[in-house]
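Trainee: I would like to learn how to read a model like this one. Could we go through it feature by feature?

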Amino acid sequence: MRAPCEERGADLFLLARDRAEPDAATAAHLAACEGCREELVHLRRLAGALPAASRGLRPRPSTKTDLMKKECTDPGPDWKPLDPPAKYTFTIRGNTVIDVSP
């Protein structure tokens, strides 16, 4: 087995994942490069197995809640609140505030 060309890896992955036909340049390269042809066959086999590998797996119901709670309550060490603007503009129609913008 020959090694595939490194610069073609992303193209081969997208072809395998989408089950697409290669464009003219990629088709010409595949015709000449045995390593890339073998890699495409391998990637298509893997792409076909992915849906079956994850079938039946579901996260716990609390997973989303836990993630959202952490994200909302712990923004991380780099977070700093924005300074409030010095002036706000209110758009009022009748007795209703339509828009408030800094």
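Trainee: Which residues are buried in helix α1 (residues 9-18)?

Mentor: Keep in mind that this is a predicted model. Start with the general idea. An α-helix has 3.6 residues a turn, so residues three or four places apart point the same way. Now the case here. The buried residues of α1 are L12, L15 and A16. They sit on the same side of α1, because their arc around the axis is only 95 degrees.

Trainee: What happens to the backbone just after α1?

Mentor: R19 follows the helix there, and R19 has a positive phi of about 55 degrees.

Trainee: Let me try α2 (residues 24-32). Which of its residues are buried?

Mentor: T26, H29 and L30. Looking down the axis of α2, you find them within an arc of 100 degrees, so they line one face of the helix. Then check the other side of α2. A24, A31 and A32 are exposed there.

Trainee: T26 is a residue I would like to follow. What does T26 touch, beyond residues up to four places away in sequence?

Mentor: R8 and L15. T26 itself lies in helix α2. Its relative accessibility is 7%, so T26 counts as buried.

Trainee: How should I think about the nonpolar core?

Mentor: The general idea comes before the list. In soluble globular proteins, nonpolar side chains tend to be buried together.

Trainee: How many residues are in the largest nonpolar core here?

Mentor: Nine. They are C5, L12, L15, A16, L30, C33, C36, L40 and L43. Two elements, α1 and α3 (34-54), give two or more residues to this core.

Trainee: Which contacts does L12 make, leaving aside neighbours within four places in sequence?

Mentor: L12 is in contact with L30, C36, E39, L40 and L43. L12 is found in helix α1. The relative accessible area of L12 is 2%, so this residue is buried.

Trainee: And which residues does L40 contact, under that same exclusion of neighbours within four places?

Mentor: L12, L15, A16 and L30. Read the two contact lists side by side. L12 lists L40, and L40 lists L12.

Trainee: Several cysteines appear in that core. How many disulfides does a search of the whole structure find?

Mentor: First the chemistry. A disulfide is a covalent bond between the sulfur atoms of two cysteines. The search finds zero of them in this structure.

Trainee: Why is C5 not bonded to C33?

Mentor: The distance decides. The cut-off is 2.5 Å between cysteine sulfur atoms. The closest cysteine sulfur to that of C5 belongs to C33, and at 3.7 Å it is too far for a bond. For the sulfur of C33, the closest cysteine sulfur is in C36, 3.6 Å away, which is also too far for a bond. C33 is buried as well, with a relative accessible area of 5%.

Trainee: Next, charges. How many salt bridges does the structure hold?

Mentor: One. The partners are D11 and R8, and their closest N and O atoms are 4.0 Å apart. D11 is partly exposed, at 35% relative accessible area.

Trainee: Now the strands. How many bridges join β1 (residues 89-93) to β2 (residues 96-101)?

Mentor: Five, and the two strands run antiparallel. For a single position, take F90: V100 in β2 stands opposite. Then look at the connection. The strands form a hairpin, with two residues between them. G94, in the turn, has a positive phi of about 70 degrees.

Trainee: How many of the five residues of β1 are buried?

Mentor: Zero, so β1 lies largely in the open.

Trainee: Where is P84 placed?

Mentor: In the loop between α4 (61-73) and β1. P84 counts as exposed, because its relative accessibility is 63%.

Trainee: How far apart are the C-alpha atoms of P84 and D23?

Mentor: They are separated by 52 Å, with the two residues 61 apart along the chain. Try L12 and L67 too. Those residues are 55 apart along the chain, and their C-alpha atoms are separated by 34 Å.

Terms used
Residues numbered from 1 in each chain as written. Predicted model: local features only at pLDDT ≥ 70, side-chain atom pairs only at ≥ 80, totals over all residues. Heavy atoms only, no water. Buried < 20%, exposed > 50% of the residue type's maximum accessible area, 1.4 Å probe, protein only. Helix = DSSP H or I, 4+ residues; strand = E, 2+ residues; numbered from the N terminus. Arc of directions from axis to C-beta. Core = buried A, V, L, I, M, F, W, Y, C linked by side-chain atoms within 4.5 Å. Contact = heavy atoms within 4.5 Å. Salt bridge = Lys/Arg side-chain N within 4 Å of Asp/Glu carboxyl O. Pairing = 2+ DSSP bridges.
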